[in-house]
Every structure is written in C-alpha cells, then in structure tokens.
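I set out these notebook entries for a reader new to the structure. I begin with a glycine and its surroundings, then turn to the domains and a pair of helices.

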Amino acid sequence: MTTILCRYGELFLKGGNRHIFLQALINNVRAAVRGLPEAKVSSPHGRVVVSVADQARGEACTRLERVFGLVSISPAASLAPDIDAICAAAVAEAQAAVERNPELRRSFKIEPHRSNKHFPLQSHEIACRAGDAVSAATGIPVDVHQPALRVGIEVATQAAHVFAERRPAPGGLPAGVSGRAVLLLSGGIDSPVAGWLAAKRGLAQEALTFHSPPFTGEKAKDKVIALARQLARWQAVSTLWIAGFTDTQKRLRGAGRPELAVVLYRRMMVRVADLLCEREGCGAIVTGENLGQVASQTLTNMRNIEIVARHLILRPLVTYDKVETTALARRIGTYDISALPFEDCCSLFVPAHPATAARLSDVERAEATLDVAKEAADIAEQAERIVL
Amino acid sequence: MIVYLDNAASAPPLPEVLAAVTHAMTDLYANPSSAHGLGAAAARALEQARGEVAALLRAQPSEIVFTCGGTEANALGLLGAAALARGRHVVVSAIEHPAVLRSAESLVSRGWQLGKVMPAPDGRVSAEAVLASLHPDTAVLAVMLANNEIGTLQPVAEIGRALRAAGRKLHFHVDAVQFAGLIPLDVETLGADSLALSGHKLHGPKGTGALWLRKGARVAPLWDGGRQEGGLRSGTENLPGWVGLGRAAVLCRENLRAGQQVAALRDRLESLVMEAIPRATTTVPAATPRAPHIASLRLAGLPAEPLLHALEARGVFASAGAACSTRAHEPSHVLAAIGVGVEDAVLRFSLSRLTTESDIKVAAGALREAVDEIASVVEVRPRGTRP
C-alpha cells in the first residue's frame with residue numbers, strides 16, 4: 001500500500017463553514033481516486049490521507065495534483081509507530097529522493113511532527129535518531145537552515161508516515177463549494193482556461209458549446225468534447241451541452257449589418273446560457289472574454305452583450321495577456337487540444353471588420369426582426385447533453 | 001447513401017482483398033522464416049504476393065521489397081540510396097508528397113544540399129527543368145508519378161530517358177503512390193531506379209506498401225534486424241497485409257482499362273460542376289496530363305472546410321486540396337507552387353474503379369447546393385483576419 005498525504009490550505013480560514021469546505025474537499029478527493037485499486041480516503045486532523053495499492057501510486061498522485069483545495073501532496077511510507085522502522089523508512093525515502101534528483105544530495109533535514117503525544121520520543125529526539133540513520137547510510141550532510149532535501153516524519157497514534165517528496169497541488173477551493181455555473185466553452189485557447197480558473201475558486205460548471213454544421217465539422221465538435229474531458233479531469237466541468245446554432249446564426253447574419261454579427265451571436269449565446277442556468281440551477285455564466293483581445297471584447301461590446309444576461313457573468317481572464325493565458329493552458333493540458341486546426345463556430349461567420357463599438361440601438365433593431373426569446377429557447381431545448 | 005470520392009486518401013478494400021487477408025490471418029499464421037511446413041506455406045504465400053505485385057509493374061519478383069506503406073517505401077528508396085551515395089546533392093520536385101519532401105529535407109542536416117524543381121503553372125515539372133537543376137555531385141533525384149493534390153502526371157519516363165541520354169549515374173526515385181492501379185506503368189521503360197507503392201490506395205489494406213528496386217540498384221536498409229526482405233527491411237513479414245496487397249494488385253491488373261472509365265467519369269464530373277457553378281474551374285487546365293482518378297476543382301472566394309462539411313451533410317465525401325482559409329491550416333505547398341491563392345477553395349474529388357455515373361451526378365448536385373449554402377453566409381475574409 002502507498003499512502004499519500006494531502007494538505008489543504010486556506011480552508012483553515014473558513015471559520016464556521018470549515019466543515020462544509022472540508023467535506024466537499026474529501027468528496028472531491030474520493031471522486032478523484034475512484035476506481036483505483038484499494039483506494040481509501042480518510043481525514044485525520046489537518047490532513048486528507050489517501051491510500052492506494054502500490055502499483056497505482058503514480059496515477060493517484062497525478063489525479064490528486066488536480067484536486068482544487070489541496071496545496072501539496074506527499075506520497076509516503078506508512079508504518080507502525082516504531083522508531084527503528086521510522087529510521088529505516090527515512091533512509092529509504094531519502095535514497096529514493098536523491099535517486100530521482102541528484103541535486104538533493106547537497107544537504108538534508110529531518111522535519112518531525114508528533115501528534116501522538118504518547119510516543120516515547122520527543123520530536124527533536126526523532127529528528128536526531130532519523131538524521132543519524134540517514135547521514136550514516138547516505139553520507140548526505142545535515143543543514144537545518146537551507147536543506148536541499150526535507151524528510152518529513154509524522155507520528156500519529158495508529159501509524160507513522162515518512163516522506164521526502166512534496167508535490168504542489170493547485171490550491172484554491174474545492175470545486176462546488178462556491179456554487180454552480182455555466183461555462184461558455186469554444187474550441188479556442190481562452191475559454192477552457194477561464195473554466196479552470198473559475199473551478200479553482202470553487203465553481204462546479206456545466207459547459208455549453210455551440211455547433212454550426214456544416215460550417216463546423218465533426219472534428220471541431222470532437223475537439224470541444226476533448227477540451228471538456230480535460231477540464232473534467234480537474235473536476236472543473238461535469239457535463240457538456242452541445243447546442244445547434246446554424247439556423248439562428250444564419251438568421252442573425254442576415255438580420256443586421258455584417259459588422260454587428262459577432263455581438264449578435266454572443267448575445268444569443270448568453271441568452272441560451274441564461275436559460276441553461278435557470279434549468280440546471282446555476283448562478284452564473286463564465287466566459288473566456290478578455291478586454292481588448294478582439295473586436296467583440298471592447299468595453300462597449302462587452303456591455304452590449306452583458307445587458308441581455310439575467311445571471312452574473314464572470315470573466316476570469318479579463319485582464320490576462322495572451323501569453324499568460326497560453327502558459328496556463330499549457331499547464332492545465334488544454335493547449336495542445338485547443339491548437340488543433342479545426343474551425344469552431346466563432347471563426348467562420350465573422351465579418352472582415354467587426355464593429356468595435358456597436359450602437360446598442362442598432363443591435364436591438366437588428367434583433368427585432370427575429371423572435372430572439374424563442375430562438376434561444378429552441379436552442380436550449382434541443383441541446384445535446386454529454387456527461388463527461 | 002454514401003458517395004465516397006476520397007479514394008486518393010484511401011480506397012476501400014475490395015471484398016476479395018478482405019477474404020485474402022482473413023485467410024492469411026486465419027490459416028497462414030506461422031512465421032515465414034520458420035523451418036516447418038506451416039512456415040513454408042506462409043513463405044509460399046509471401047512469394048506469391050511478391051510475384052503478383054511484380055506483375056502489376058512488369059517487374060521481377062526479386063525487385064519487390066514489401067514495406068509498411070508508401071511513406072516507408074519512399075524513405076527506403078530515397079534515404080536508402082542517399083546512405084550509399086558519394087555525392088551530397090539531392091533534387092526533388094517542389095510538389096512532392098511530404099513523405100518525399102521531408103525525407104529530402106532531413107538530408108540537409110546531414111550535410112546535403114537540396115534542390116527543388118518548381119512546376120509550371122499547369123502543375124508539371126519539365127524534364128528540362130529537372131536536368132538543369134542537377135549538379136555534378138547530384139546523387140539522388142525524386143519525382144512523383146502523379147501529384148496527390150492536383151493529379152498532374154509528371155514526365156518521369158521522359159526524365160528517365162533524359163538522364164540516360166546525359167549519361168547520369170544518380171539514383172532516380174519515383175513516388176508512385178497515386179498510381180492507384182489506374183495509370184499504365186512499366187518499370188522497364190521508366191528509367192527509374194526505385195518506385196514506391198502504397199497498398200491502401202490500390203484497394204488493399206492499410207499498413208502495406210512496396211518498393212520496386214531495379215535489379216542492380218542499391219539502397220541501404222533503414223534499420224537492421226532479422227534481415228527479411230533481402231536484408232532491406234528487417235522485421236517479421238506482415239503476411240496478411242502483403243497477401244492482401246498481392247490480391248489488390250491482381251485485381252488491378254485484371255482490369256487495366258479501368259483507368260479510361262475513371263478518366264471519363266472524372267471529365268463528366270468536372271463538366272457537370274462547371275456547367276452548374278459559374279465560379280468553378282479545374283485547378284489545372286483539363287488538357288494537362290492527369291491521373292484519371294483526381295478531379296481538383298477550384299471555387300473562387302469560398303472557404304474549403306465548410307464546403308466539405310456541407311458536402312458531407314449531403315452524403316458526399318471528398319477532401320480539401322489543403323488550401324483552406326482556416327487560420328491554423330498550413331497552406332498547401334503544391335497549390336502555392338502553382339500560384340493558387342488561399343482565398344479560393346480547392347476541393348479534391350478522387351474517384352476509383354468503384355465510382356459510378358450516378359455517384360458523379362449526386363456529387364455534382366451536392367456541390368452546387370453546398371456552394372449556394374456557403375456562399376450565402378460566408379463573405380470572403382482576407383486570410384489572417386481574426387474574429
């Protein structure tokens with residue numbers, strides 16, 4: 001069996017609601033390791049502890065590194081609280097760590113933590129015994145101020161845990177504790193990142209995408225599904241709605257001057273998202289909009305779009321530079337999918353010179369030729385649902 | 001109903017090919033190198049397949065090296081010859097398939113010089129231009145038989161004759177993957193040293209191909225191992241695949257006139273389309289020598305990919321000539337070389353011996369509707385403009 005110690009961060013700050021946040025975190029950790037052999041999750045004070053069969057250690061770590069609310073994880077040796085066994089484990093973990101990264105050979109420190117106050121040795125005595133064992137076995141010098149390698153020893157009542165590896169987890173809040181939202185997801189780079197950031201602040205999301213066959217092909221649809229699946233690995237989205245947009249898009253295209261088209265499409269998308277929010281019990285709409293990136297993303301046009309929304313619109317990327325967004329997309333594993341070359345529904349219907357500051361009266365006049373409420377209701381009604 | 005006009009991408013395996021593959025997988029599972037009777041049966045089937053492929057090309061069985069596909073056959077012909085060459089100059093046509101082009105480019109990092117011969121606007125490189133591009137130390141030359149995107153036939157026999165007349169002793173490789181069993185081919189008169197084939201373009205299985213290597217011509221293997229295929233291609237033989245390729249070769253040879261029927265259907269498609277759609281033209285002049293199965297049509301001012309989806313919605317499956325105005329697609333090097341701009345859609349309808357007159361009528365009608373649908377919505381955008 002491998003034990004993985006999972007640390008959570010700012011949950012501690014959540015006074016009276018702390019148990020709600022902790023329970024959500026534990027549920028998300030359980031969901032993350034579900035299906036792995038012999039996976040068990042417990043929550044002794046201040047920790048979430050996962051145990052899995054040894055062969056699933058790597059996969060379990062990979063999945064736990066994607067659980068929002070955790071700040072770091074440490075795969076650990078788990079043993080009886082006995083000082084000789086602890087020293088042997090400290091040697092083994094230190095050796096494994098320097099094998100993975102020879103840089104760590106420079107110096108080390110033992111970091112003991114004794115929650116079992118009945119354990120016969122005090123913390124500094126544990127540190128001395130284990131430190132002697134490690135330096136005798138490996139020859140690595142001790143440096144208690146700036147060690148390259150930190151070997152943690154935690155002595156609890158039932159068991160002791162020894163670890164030399166501390167992997168960063170994403171931090172933030174457990175997905176779901178902040179409520180639910182609809183994410184407007186395209187095949188581009190930005191919207192998946194926006195969904196990830198929203199999930200980091202505790203939002204559970206349903207993704208909504210628009211598909212315009214024949215202007216978009218099956219591969220464009222598969223691409224959005226792949227993006228949604230990658231976000232699901234972060235527990236950022238659970239469901240993808242694929243809404244047919246072709247007929248409405250054609251009518252909108254014909255309704256006003258071509259340069260208004262983008263604003264008209266986006267207002268319609270927001271209306272559909274609004275209906276989905278109501279139907280699915282979501283409190284906000286999350287978009288990948290970014291100030292100034294493209295013509296539809298000026299203050300005027302964002303306002304023209306937002307004005308039709310009955311729910312809060314969240315724009316996690318509003319102040320990001322493209323390079324920042326791209327770097328994050330790479331980190332969360334969506335960039336390579338977004339970079340696939342299939343058209344998404346945004347790019348084909350777009351005029352050569354979209355208006356950067358459409359007049360609201362022009363936009364509304366164009367929409368008056370359609371029954372926009374009915375169009376939105378039909379689209380939402382007929383959207384295809386994919387559970388991720 | 002499905003009208004499949006993407007045979008230059010992959011042609012559906014014929015039922016006889018499936019039967020031959022199934023038989024080989026079921027009954028001929030032994031390793032052809034094994035000493036026992038089952039191994040001997042497998043080895044006999046392999047040699048029969050080799051003979052069948054050789055017969056299609058009018059070659060000797062000993063001149064056929066089986067491979068895992070057209071790309072490997074091209075790499076073996078081109079890189080294998082380069083590995084043994086004294087000279088350090090390679091020449092290719094600028095419109096080769098990436099299998100040849102990138103192989104040739106890979107030689108540059110090994111100290112080679114690369115020359116690319118540009119085609120005329122009709123999509124053909126001339127023998128004179130090829131000859132003019134040769135240096136004294138040119139060791140390898142590759143020119144394709146038929147271009148995969150626009151279907152133009154390259155004058156490989158003429159180039160072969162010119163090389164002989166000039167007394168050039170370089171290795172002349174021909175990528176004949178788009179031969180498709182529809183173009184008369186006689187390697188004896190071709191004047192080439194090696195020629196690459198792909199199984200699935202001949203209605204055979206994917207993952208199969210062959211290199212014809214003229215008796216006396218030499219290439220180095222790309223890797224070493226058990227030294228199957230005369231030492232040129234180590235690895236346990238893909239017997240089911242190669243038996244299937246052999247069967248496909250037999251079926252091609254039994255119907256050598258198929259090329260003329262296919263060419264007539266292609267011409268019919270082109271004339272139906274150009275009658276119905278004013279903006280449509282053939283990408284290269286119709287009188288250019290072309291592979292019978294490839295109709296490349298240019299549609300001014302439209303994006304290619306939505307047209308393909310609109311065709312698909314009507315049951316017609318084709319390909320873009322690769323010059324989509326999609327932002328992330330690389331423009332086609334072939335279309336760029338003949339001066340076709342990215343503002344036009346170039347669609348490739350590729351036929352096969354299975355294509356019927358009714359397929360052609362359906363395709364032409366579907367294209368007319370697709371063009372109307374897309375043109376009504378999409379205005380022309382200069383490339384590179386973004387939403």
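I looked up the contacts of Gly176(A) first; leaving out residues up to four places away in sequence, Gly176(A) touches Ala24(A), Gly202(A) and Ala204(A). I took two residues to be in contact if their C-beta atoms, placed from the backbone, lie within 7 Å.

I note that this is a predicted model, in which local features need pLDDT of at least 70 and side-chain atom pairs count only at pLDDT 80 or more, while totals for chains, interfaces and linings use all residues. Residues are numbered from 1 along each chain as its sequence is written, and chains are lettered from A in the order in which they are written.

I then placed Gly176(A) in the loop between strand E8 (167–168) and strand E9 (179–184) of chain A; strands are DSSP runs of at least two residues and helices (H or I) of at least four, numbered from the N terminus.

Is Gly176(A) buried or exposed? I count Gly176(A) as buried because it has 21 C-beta neighbours inside 10 Å (20 or more is buried, 12 or fewer exposed, in between partly exposed).

I also found the C-alpha atoms of Gly176(A) and Gln235(A) 9.0 Å apart, with their positions 59 residues apart along the chain.

Next, I looked at the domains: chain A is divided into domain 1 (2–168) and domain 2 (179–387), with bounds from an automatic or database assignment. Their C-alpha centres lie 42 Å apart, and 5 residues of domain 1 are in contact with 5 residues of domain 2.

Last, I noted that the contact of H5(A) (190–200) with H10(A) (322–332) involves axes that come within 9 Å and cross at roughly 70°.

How values were computed
Axes are lines fitted to C-alpha atoms, for helices over the stretch in contact, and angles run from 0 to 180 degrees between N-to-C directions.
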